[in-house]
Structures are given as structure tokens and as C-alpha cells.
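Student: Could you take a close look at one part of this model, the internal cavity and the aromatic rings, and walk me through it in a connected way?

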Amino acid sequence: GFVNVDREMLCQPDLVFDLETTPWPWRENSVAEVHAYHTLEHLPAPLLALQHASRWMKDDGLLVIRLPNLRSVDAWYYQDNWEGWKVPFHFYHFSPAILKRLLRMAGFLVMLFEFPLSPLFVNAVRRVWSSPGRRQPLGAVSPLKHGDLGWEATAKRLFRRSLGRLFKGRGMVAYAEKRRPSTGEKEGQGT
């Protein structure tokens, strides 16, 4: 099963532990998966935390990280008022490229990035979709070929075809795998 870890009792975790302290309470190569939801941006040494996670994870272990995306449409739209800034609570801000580089440095292979849709974008499509006498939004799939997909599917298609190429969603989710060191390679080195 999973163990929910937090440094405070506020969210009633299974284990109260500050990830900024060492040693961590797990044996090396004993953890199959690590899920860090809105955690990394709050740590003063994110690379060190990822290196510790790699050390305690089994070879080919899965790391799932969810955090705000510095290159999101929300960050662009809200600029100085973007909730992702949250100083002093967020020590660091990550774009997909920065996070990918950091994961590689810590010994992980990035398998996939996901970018949840921005509520700002989804709400704009919902307003257009539900307006009286609506017309098919530009770039949406023809209802004659695919049926009426609804506003959610249309928002996803519109986002991917337009702003999705420039701005990723509100946040990001990275899936990475702990790399096994190849023969002659030391832990944490390599490409």
C-alpha cells in the first residue's frame, strides 16, 4: 500500500516526516513508486530530494510528479497574479524542460508528460459552446463525421490544435522511471 507523508499533521498523513531532513525512514531499493503531488516546488533542494527518492526506489521504480507549470496558459494570462508564484511557499518554479533536466540529473528517465487543461481555457470554450445559436468553434471536429462531442471534448481538441502547442495546461504531471546503472556506470551518472 501507499504511505502518505507530510511534515505536519494538518492533512492527517500516515507518517509525519520532513523530507528536508535525512536519513529518510526507508531502506534503499525498497520503494516501488513515489508520488509527489505539489511537493517539489516547496522544497529548498529539489535535486537533492529527487536523488534521495532515487536511492530508496527499486530499479525501474515509478516516480509521478504533479506541480504547477511555469509555461502554462494560466501563468501567461495571470502573469504577476498567477497562483503558482505563491512566494514564499514555492521555492522553485518548473517548466517541462527544467523538470526533465532535473529528473535526468537525479537518475530518472522521463517517460511521459501530461498537461491538464487550464480551467481558464475550458471555461471560455464552455461559454461559447453553451451560447444561444452557437456555431461550431474554429478548429473543432465536424459533428457530421464524429457526432456532437460536447464542450469538454471540443475544448481538448481546440487546446491541442491551438494554444496547446504554445502553452501547456495549468499544471503538469511527469512520469519517470528510475534508471538502472549500466555495467561500469556509477549511480546517478549517464545520459
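Tutor: A residue counts as buried when its relative accessible area is under 20%, as exposed when that area is over 50%, and as partly exposed in between. The model is a predicted one, and in it Trp 82 has a relative accessible area of 6%, so Trp 82 is buried. Trp 82 is also one of the residues that line the largest cavity, together with Glu 41, Pro 68, Asn 69, Leu 70, His 90, Tyr 92, His 93 and Phe 94. The count comes to one cavity of 30 Å³ or more, and the volume of the largest cavity is about 30 Å³. Sorted by class, its lining holds five nonpolar, three polar and one charged residues.

Turning to the rings, a search of the whole structure finds three aromatic pairs. In one of them, the ring centres of Trp 82 and Trp 85 lie 5.1 Å apart with the planes at 90°, and because an angle over 60 degrees counts as edge-to-face, this pair is given that label. Whereas Trp 82 is buried at 6%, its partner Trp 85 has a relative accessible area of 30% and is therefore partly exposed. Tyr 92 and Phe 94, which both appear in the cavity lining, form a tilted aromatic pair, with 6.5 Å from centre to centre and 35° between the planes. Here Tyr 92 is partly exposed, at 37% relative accessibility, while Phe 94, at 4%, is buried. A contact of another kind involves Arg 66, whose charged end sits over the ring of Tyr 37 at 5.7 Å from the ring centre.

Technical notes
Residues are numbered from 1 along each chain as its sequence is written. This is a predicted model: local features need pLDDT of at least 70, side-chain atom pairs count only at pLDDT 80 or more; totals for chains, interfaces and linings use all residues. Side-chain values use heavy atoms; hydrogens and water are left out. On a 1 Å grid over the protein atoms alone, a cavity is a set of points where a 1.4 Å probe fits but cannot get out, and a pocket is an open set with protein on both sides within 12 Å along at least five of seven lines; lining residues have an atom within 4 Å of a point. Grid points are joined across faces, edges and corners, and a volume is the space filled by probe spheres set on the points. Ala, Val, Leu, Ile, Met, Phe, Trp, Tyr, Cys and Pro count as nonpolar, Asp, Glu, Lys and Arg as charged, and the others, Gly among them, as polar. Rings of Phe, Tyr and Trp (its six-membered ring) pair if their centres lie within 6.5 Å; planes under 30 degrees apart count as stacked, over 60 as edge-to-face and the rest as tilted. Buried means under 20% relative accessible area, exposed over 50%, partly exposed in between (1.4 Å probe, protein chains only). A charge sits over a ring if NZ of Lys or CZ of Arg is within 6 Å of the ring centre and within 35 degrees of the ring normal.
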